[in-house]
Amino acid sequence: MAKFKADIKFRGIKENKEFEKNEEFEMTVKRAEEIEANIKKEHKDIERVMTRLDKEDPEDKQ
């Protein structure tokens, strides 16, 4: 799991949760990338959905 902060308010369908702007949360890097890609596909004007707060660990992507 990695630690993130929401840059915008968004809904995580699989998580059944609404993430508020500036909310800190944990999820896998793979899921974070999936959410980011899905939101950017629908909303081309959004640059970033969330920011990674902890150090990146290559094992998180597995």
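Biologist: Which share of the contacts in the protein between residues at least 6 apart in sequence joins residues at least 24 apart?

Modeller: Contact here means heavy atoms within 4.5 Å. Among contacts between residues at least 6 apart in sequence, 43% join residues at least 24 apart. Do keep in mind that this is a predicted model, where local features need pLDDT of at least 70, side-chain atom pairs count only at pLDDT 80 or more, and totals for chains, interfaces and linings use all residues. Residues are numbered from 1 along each chain as its sequence is written, and side-chain values use heavy atoms, with hydrogens and water left out.

Biologist: What pattern does the protein follow along the sequence?

Modeller: Helices (H or I, at least four residues) and strands (E, at least two) are DSSP runs, numbered from the N terminus. Here the pattern reads β-β-β-β-α-β, with 1 helix and 5 strands.

Biologist: Happy to look at that helix. Which residues of α1 are buried?

Modeller: Buried means under 20% relative accessible area, exposed over 50% and partly exposed in between, with a 1.4 Å probe and protein chains only. In α1, which spans residues 29-42, the buried ones are V29, R31, A32, I35, E36 and I39. They lie on the same side of α1 because they cover an arc of only 160 degrees around the axis; that arc is taken from the directions from the helix axis to the C-beta atoms. K30 and K41 are exposed, on the face turned away from the buried side.

Biologist: And which strands do the buried residues of α1 pack against?

Modeller: They pack against β1 (2-6), β2 (10-12), β4 (24-27) and β5 (50-52).

Biologist: E36 caught my eye in that list. What does its side chain reach?

Modeller: A polar contact is a pair of N or O atoms within 3.5 Å; within protein, one must be able to donate a hydrogen and the other to accept it, and residues adjacent in sequence count only if both atoms are side-chain atoms. The E36 side chain reaches the backbone nitrogen of V49 at 3.2 Å. E36 counts as buried at 14% relative accessibility.

Biologist: Now the rings: how many aromatic pairs are there?

Modeller: Rings of Phe, Tyr and Trp (its six-membered ring) pair if their centres lie within 6.5 Å; planes under 30 degrees apart count as stacked, over 60 as edge-to-face and the rest as tilted. This structure holds 4 such pairs. F10 and F19 are stacked, 4.8 Å centre to centre with 20 degrees between the planes. The F19 and F25 centres are 4.6 Å apart and their planes stand at 50 degrees, so that pair is tilted. Ring pairs link F4, F10, F19 and F25 into a cluster.

Key: Expected span 1.5 Å × (residues − 1).
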